[in-house]
Amino acid sequence: MLNIKCPYCGDRSQKEFAYGGDGTITRPKLNQEISDEEWDNFVYLRKSPRGKHIELWHHIAGCRQWFKVERDTTTHEIFRTFKPEEEF
Amino acid sequence: MQKYSVFSLIKNAFSNHEKWDLAWKDPTPKKEYDVVIIGGGGHGLATAYYLAKEHQITNVAVIEKGWIGGGNIGRNTTIIRSNFMYDDNARFNEFGMNLWRNMSQELNFNVMFSPRGIINLAHSDAQMNAYARRGNSMRLNGIDAVLLNREEVKKIIPMADFSDDVRYPIFGGLAQPSAGTARHDAVAWGYARQADSMGVDIIQNCEVTGFDIEAGKIIGLRTSRGDIKSKKIGLCVAGSTNVLAEKLNMTLPIETHLLQACVSEPVKPVLDGVVTFGAGHFYISQSDKGEMVMGGDLDGYNSYAQKGNLPTIQHVLTGGVALFPFLSRLKMLRTWGGIMDMSMDGSPIIDKTHIDGLYLNCGWCYGGFKSVPSSGWTFAHTIAQDRVHELNEGFSLNRFSKGYLIDEKGLGTKTWIS
């Protein structure tokens, strides 16, 4: 069982959260010509690293806020959790 | 190679079974091979076997980081089926069904293929309609599909919960009577033994550390047991696909996730075939030893751990008990996990890459076991002829950017909810 520290609510059980995937992907800007390659990168291509992974989580059964988690994909150790605007 | 038969069994009984030949050798890697297959699981070993048998390419090495059959080929729930709606998946896996039927004879190794049938249960009228549509698609591709109503399902699995007050009543189901199960380890060992006898080197405890690429062509690879030259390299590494892709500077439409399975204590025969719950993610069959073999959802977040977390097991078995109440009284014997190469549309990739001589076989999600023979056969063709076979031309790497997805379940790119 993961124990995830929501940056808004504090430590909670994994059961309160929903996963949101790779947190490093940014959507191409609106109202601009976007190449097929850019769409491909955004929609389909993922690094899915073994080791440190920045990902989105949703505190769906709590405050319903989205936030980011840096977690090890092999040991599941969580290094830090942060609000999306707090990045790095 | 020693032929396995009842006579060789009796003969070896006289020497206390101490004089059997090794099933495959333990060679040191040569400096150069015509083809190197990375990954000594079901798909890799089957590819090596069909390269030797169908294309007479025997100067082949299978490189395995651990021991052969230690990954998903030994961790799956052994289900074999071809009940797909889309042509690419249906034809590919139905081709594989024919290879399964002859596998024990062909490999001289008892893989215990047992066509005991599969039923996908439906729990609403809409689901029945969807199954009718899929069943019709299957029949158009020559696959046996039978739509069952509630009473017909009850005859086959009377121990399921057919009471009136359940949350997800059983409306009926879609059956593929020719589907079944097999002994998964034997599949790896059978392919390994035959490939070895035709000259393939099976090199275990040998981890790939890098690739040598020159002018867009692959020329060799570096391993923990020395450098190996080869102009053709095939990747069959399932859950490690993203790790090797990083060494190749490739980004793939693949995410790596963890799937768990579990078995109960053995009980007397109660369940004939394979059954899947249609209202949650849960599937079950009974092994020849009597254990109930079960599985369901992914753990739900990217993982390379090869072991799972309890909340998922609890969630899966809650669905299991809703369908088969008798399960609540069984003790769990073991749970385990394997890492899955989840593709963005749920269908595999068997293709060439932008690097000349590098071939990719991945994206099996959690359904790679049934495809071991068809994947090996088509991947061997793709490598030997340097072009895809018509059976795997749909499983291209660029189908995502081109928009030709094969999204059987319509789940899209959220691989962790598949």
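In strand β6 of chain B, B:Gly172 is the bridge partner of B:Ala122. That pairing, like everything else described here, is read from a predicted model. The bridge belongs to a ladder in which β4 (residues 118-122) and β6 (residues 172-176) of chain B run antiparallel to each other over 5 bridges. Zooming out a little, both strands sit in an open sheet of 8 strands, ordered β5-β6-β4-β13-β14-β15-β12-β16 in chain B, and the pairing in this sheet is mixed. At its edges are β5 (146-149) and β16 (332-343) of chain B, each of which pairs on one side only. Going from strand to neighbouring strand, the turn averages 25°, direction ignored.

The sheet also has a helix lying across it. Helix α9 of chain B, residues 310-323, lies across β12 (254-264), β13 (274-277), β14 (282-286), β15 (292-302) and β16 of chain B. Relative to β15(B), the helix runs at about 140°.

Now for chain B as a whole. It contains 11 helices and 18 strands. Its radius of gyration comes out at 22 Å, close to the 22 Å that the globule rule gives for 418 residues, so chain B is as compact as a globular protein of that length. Laid along the principal axes, the C-alpha atoms of chain B fill a box of roughly 70 × 60 × 40 Å. Buried residues account for 51% of the 418 residues in chain B. Contacts in chain B also reach a long way along the sequence: taking those between residues at least 6 apart, 75% join residues at least 24 apart.

Chain B splits into two domains, and neither is one continuous stretch of sequence: domain 1 is made of 27-109 + 183-253 + 345-417, and domain 2 of 118-180 + 256-343. Their C-alpha centres lie 27 Å apart. Where the two domains of chain B touch, 32 residues of domain 1 meet 33 residues of domain 2. On the domain 1 side of this contact in chain B, β3 (79-80), α3 (87-101) and α8 (241-247) each supply at least two residues. The largest share of that side comes from α3(B), with 5 residues. By class, the residues on the domain 1 side divide into 14 nonpolar, 12 polar and 6 charged.

Towards the start of chain B, B:Ser8 makes a handy example of a local environment. This serine lies in helix α1 (residues 6-13) of chain B. With 13 other C-beta atoms within 10 Å, B:Ser8 counts as partly exposed, because that class sits between the cut-offs of 12 or fewer for exposed and 20 or more for buried. Setting aside neighbours within four places in sequence, B:Ser8 is in contact with B:Gln2 and B:Lys3. B:Trp20, 12 residues away in sequence, has its C-alpha 9.1 Å from that of B:Ser8.

Then there is the partner chain. Chain A has 1 helix and 6 strands, and from the N terminus on its elements run β-β-β-α-β-β-β. Its C-alpha trace spans about 40 × 30 × 25 Å along the principal axes. Of the 88 residues of chain A, 15% count as buried. Among contacts in chain A between residues at least 6 apart in sequence, 49% join residues at least 24 apart.

Chain A has an open sheet of its own, with 4 strands in the order β3-β4-β5-β6 and antiparallel pairing. Strands β3 (18-22) and β6 (78-82) of chain A are at the edges with a single partner strand each, so one side of each has no neighbour in the sheet. The twist from one strand to the next averages 30°. Within this sheet, β5 (residues 66-72) of chain A pairs with β6(A) in the antiparallel sense over 4 bridges. One of the bridge pairs there joins A:Val69 to A:Thr81 in β6(A).

Finally, the two chains meet: 23 residues of chain B are in contact with 19 residues of chain A. On the chain B side, α8, β12, β15, α9 and α11 (399-402) each supply at least two residues. Helix α9 of chain B thus appears both here and across the sheet of chain B described above. The side of chain B that touches chain A has 12 nonpolar, 9 polar and 2 charged residues.

Definitions and conventions
Residues are numbered from 1 along each chain as its sequence is written. Chains are lettered from A and ligands numbered from 1 in the order in which they are written. This is a predicted model: local features need pLDDT of at least 70, side-chain atom pairs count only at pLDDT 80 or more; totals for chains, interfaces and linings use all residues. Domain bounds come from an automatic or database domain assignment. Two residues are in contact if their C-beta atoms, placed from the backbone, lie within 7 Å. Ala, Val, Leu, Ile, Met, Phe, Trp, Tyr, Cys and Pro count as nonpolar, Asp, Glu, Lys and Arg as charged, and the others, Gly among them, as polar. Two strands pair if DSSP finds at least two bridges between them. Axes are lines fitted to C-alpha atoms, for helices over the stretch in contact, and angles run from 0 to 180 degrees between N-to-C directions. The radius of gyration is taken over C-alpha atoms; the globule rule is 2.2 Å times the number of residues to the power 0.38.
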